[in-house]
Amino acid sequence: MENKLFIKSSLALCLLYSSNLYAKTMTFETEVLPVCGIIIDKSNGSINFDDTTSVDAASFTVKTNSNKGNAKISFNNINPSDNIKHKDGFFEIGKNKGKLEEINWKNPKDLTIKHDEKQEVYAFVPQNSSSIISGTARVSTTLEVSCN
């Protein structure tokens, strides 16, 4: 009986000792690719004048997994139609109407936008619509996004 107990104890010690000798580490890793983009949720809206107000806004959402969690948005190639070209137009942009940033059509500035935060964009011409030459008033822009 003592022999069996000794053999079992020795066998158990050998297994424990040998398992320490052959221990292996498992490592899991994946390269996470950068995400930096913009989704145009709604590509058109109405132009507001001093005497008209429309709640019809265009909108976009930034997608990024950058360390800072935000991206820089640039308004490029702002192209107003001839009847509003020299009327000091601007965009207002933000996630809620009470806190909007102005983007001047002639001298646009870049904005920092948070990931996954839908932004509404409104177009304004600070004059009465009766002072605008008749026809379709239109402004277009290209949004460019860059992430850190």
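Me: Where does the largest share of the lining of the second largest pocket come from?

Reply: It comes from S7, with 4 residues. This is a predicted model: local features need pLDDT of at least 70, side-chain atom pairs count only at pLDDT 80 or more, and totals for chains, interfaces and linings use all residues. Residues are numbered from 1 along each chain as its sequence is written, and side-chain values use heavy atoms, without hydrogens and water.

Me: What lines the second largest pocket?

Reply: A pocket is an open set of points on a 1 Å grid over the protein atoms alone where a 1.4 Å probe fits, with protein on both sides within 12 Å along at least five of seven lines; lining residues have an atom within 4 Å of a point. Here 12 residues do the job, with Lys 95, Lys 99, Thr 112, Glu 117 and Gln 119 nearest the centre. Strands (DSSP E runs of at least two residues, numbered from the N terminus) S5 (90–94) and S7 (111–114) each give two or more of the lining residues.

Me: How do those lining residues divide?

Reply: Into 3 nonpolar, 4 polar and 5 charged. Ala, Val, Leu, Ile, Met, Phe, Trp, Tyr, Cys and Pro count as nonpolar, Asp, Glu, Lys and Arg as charged, and the others, Gly among them, as polar.

Me: And what volume does the largest pocket have?

Reply: About 440 Å³, where volume is the space filled by probe spheres set on the points, joined across faces, edges and corners. Its lining has 22 residues, with Ser 43, Asn 44, Gly 45, Ala 58 and Val 139 closest to the centre. They split into 12 nonpolar, 8 polar and 2 charged. S9 gives the most, 4 residues.
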